[in-house]
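Please find below my notes on the model, set out as numbered points. They begin with the cysteines and then turn to the helices and the surface.

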Amino acid sequence: MFHGGIWSKLEGYYKWYVLGLVSILYILGELGHYLIGLVSILYILGELGHYLIGTTSKVTADDLHYGDKACMLNLTHVSLSELPVVCEKVNSSEVCGTLTLNGTRYCEWGYNGLGIDYQVLAGPAFMAVFTVVGIILGVVADKFNRARILSFCTLVFVIAILLMGSVTEYWHLVVLRMVLAAGESGCNPLATGILTDLFPERQRALALSIFNWGIYGGYGIAFPVGRYIPELNIWGLSWRVCYYGIGVIGLIITLLSFLTLREPPRTTIGEEGTGPAKTNDGTVEAGKNMPQVTIWHVITQPRIVLLCIAASIRHCGGMCFAYNSDLYYRDYFPDVDLGWWLFAVTVVIGSIGVVIGGIISDKYVEKMGIRSRVMVLGLSQLIATLPAFGSVIFGPLWAMITLAISYFFAEMWFGIVFTILVEIVPLSVRSTTIGVFLFVMNNVGGNLPILVDPVAKAIGYREAVMIFYAGFYGISSILFFLTMFVMDGPVEKAPVTEEQEPENKRTGLDNRAFTQDEQNHRSSTRTLPITTSERL
């Protein structure tokens, strides 16, 4: 009676639950149905652990003694206009200690959380492991139970976050960041594959956009957590309590994922389901005697190469802002508390942009094909570029206003990129392709921000952030527009016969055909070498 009544009604919400849970776990490492909620929660947790170092860097550096030292304002009740000399302009510890206002010293010399040590900790130490392990897990995901692997990956990065609260040396933090990266690297390829199999084309971009909101959810939550909780000095733990708290929450969500997350049936989507395909042996039915392609054939396609380059440049802009925004606004506006403003812009405005971007992309895909998704990418990043410059150039008020405008359009990109990717690659190498794509994107986009430090020392911190953040937004928009011209337009899906339909559903566990919109009405076809594939 239970299985036929209440359970049958709850089962329809499962996929939304999974999306939410995975996104939250993903946020702790960089929320309406059951599955989508689950995976979203996972992603949020992972990303919160990932980006927390940026908002706690100053107190962490002061405790562990790493990075650069500088003269900094130590009073909160004065404005910069009242100071005879701005602390940040003083480069000597002796002079810094002599600056007074009405007989009170208002500057202190100490670790500011910046420098090459911080840039290495935030970028390369994380990305080097994240990208390599991501490829390995992508290959594994194409062959084994993705739900169980995802739950195990979550356990790994949650334990790493928990242990980060107990470190006593800089190198301890570096090692645990690497372990965190290894665990979190499985979130995107594994969860993207699961969600792709659960959601139809009309909802796919929206679902993946909600899931990838985990990045911005985790990043946004990191502002109030990293800024205000250390100041409370709960149990004398300062910044460490942030990691302990996230770790405990993560353990609860991990247990929930082990108990409730299950592997959905694998299905063919996008170009694989467009009807009959032609091979060197003639025309055969889709799903029968089709070629098995290699990952090399897939990733060397011009459209995927261009998409990856554009995404890498855009990712660099986002990572530059993520790693430097809190430190940048503290440095230039030390007398203004922008923590909650940054939280509201990244979480609220970013979330709205993510959802609207997915809805727009899903709305026009049937009319214009995958090309419409790329057009949304190019337009959104182009519109976001000018306000992004404003968020760096203007004072506190207009910086937040322009940042909100920029964020609304800029954050449409991530979910749409991976929706495009899963719709143009074959099922048999889908997770592997996502892993390779993330490897390139994160190595380029995640490691280029390390150049911010030397460039800042040469031309200034503001100018360096402007180049690698807003400037790269503009470059990516141009590259996305170029990518649009190598994507295919709308396809006419061939009717499915009664004989084909059960076979397609039954053999969705493996991609037996890889076509590039090969339709009967086209005068030419593009095919790949044929091999015989076996069921997984």
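1. A disulfide, as the word is used in this note, is a pair of cysteine sulfur atoms within 2.5 Å. The model discussed here is a predicted one, and a search of the whole structure finds 2 disulfides. When the bonded cysteines are counted along the chain, the disulfides follow the pattern 1-3, 2-4.

2. One disulfide is formed by C71 and C96, whose sulfur atoms lie 2.1 Å apart. This pair links distant parts of the chain, since C71 belongs to strand β1 (residues 69–73) and C96 to helix α4 (residues 93–96), 25 residues apart. The torsion about the S-S bond of C71 and C96 is about 85°, and the disulfide is therefore right-handed. Both C71 and C96 are buried.

3. Another disulfide joins C87 to C107, with an S to S distance of 1.8 Å. Because C87 lies in the loop between β1 and α4 while C107 lies in strand β4 (residues 107–111), the pair ties together parts that are 20 residues apart in sequence. Here the torsion about the S-S bond of C87 and C107 is about -80°, so this disulfide is left-handed. As for the surroundings of the two cysteines, C87 counts as buried at 0% relative accessibility, and C107 is likewise buried, with a relative accessible area of 2%.

4. Which cysteine sulfur is closest to that of C153, and how far away is it? The closest one is in C187, at 7.0 Å, which is too far for a bond. C153 is buried, because its relative accessible area of 4% is under the 20% that sets the limit for a buried residue. C308 is also buried by this limit, with a relative accessible area of 9%.

5. Helix α17 (residues 413–424) deserves a separate paragraph, beginning with its length. At 1.5 Å a residue, the 12 residues of helix α17 should span 16 Å, and the end C-alpha atoms are 17 Å apart, which agrees with that expectation. Of the 12 residues of α17, 12 are buried, so the helix is largely enclosed by the rest of the structure. Among the buried residues of α17 are W413, F414 and F418, together with the charged-type residue E423 and, towards the end of the helix, I424.

6. T433 lies in helix α18 (residues 430–447). Is T433 buried or exposed? With a relative accessible area of 2%, T433 is buried. Leaving aside its neighbours within four places in sequence, T433 is in contact with I295, V298, I299, L421 and V425; of these partners, L421 is one of the buried residues of α17.

7. The last point concerns the surface, where a nonpolar patch of about 580 Å² is made by I393, F394, L397, W398, I401 and I405. Helix α16 (residues 396–410) gives the most to this nonpolar patch, contributing 4 residues. I405, one of the residues that make the patch, is found in helix α16. With a relative accessible area of 40%, I405 is partly exposed, because that value falls between the 20% under which a residue is buried and the 50% over which a residue is exposed.

Technical notes:
Residues are numbered from 1 along each chain as its sequence is written. This is a predicted model: local features need pLDDT of at least 70, side-chain atom pairs count only at pLDDT 80 or more; totals for chains, interfaces and linings use all residues. Side-chain values use heavy atoms; hydrogens and water are left out. Helices (H or I, at least four residues) and strands (E, at least two) are DSSP runs, numbered from the N terminus. Buried means under 20% relative accessible area, exposed over 50%, partly exposed in between (1.4 Å probe, protein chains only). Contact means heavy atoms within 4.5 Å. Patches are made of residues with over 30% relative accessible area and no salt bridge: like charges are joined within 9 Å, nonpolar side chains (Val, Leu, Ile, Met, Phe, Trp, Tyr) within 5 Å. Accessible areas come from the Shrake-Rupley method with a 1.4 Å probe; for residues, only the protein chains shown count as cover. A salt bridge is a side-chain nitrogen of Lys or Arg within 4 Å of a carboxyl oxygen of Asp or Glu. The expected span of a helix is 1.5 Å times one less than its number of residues.
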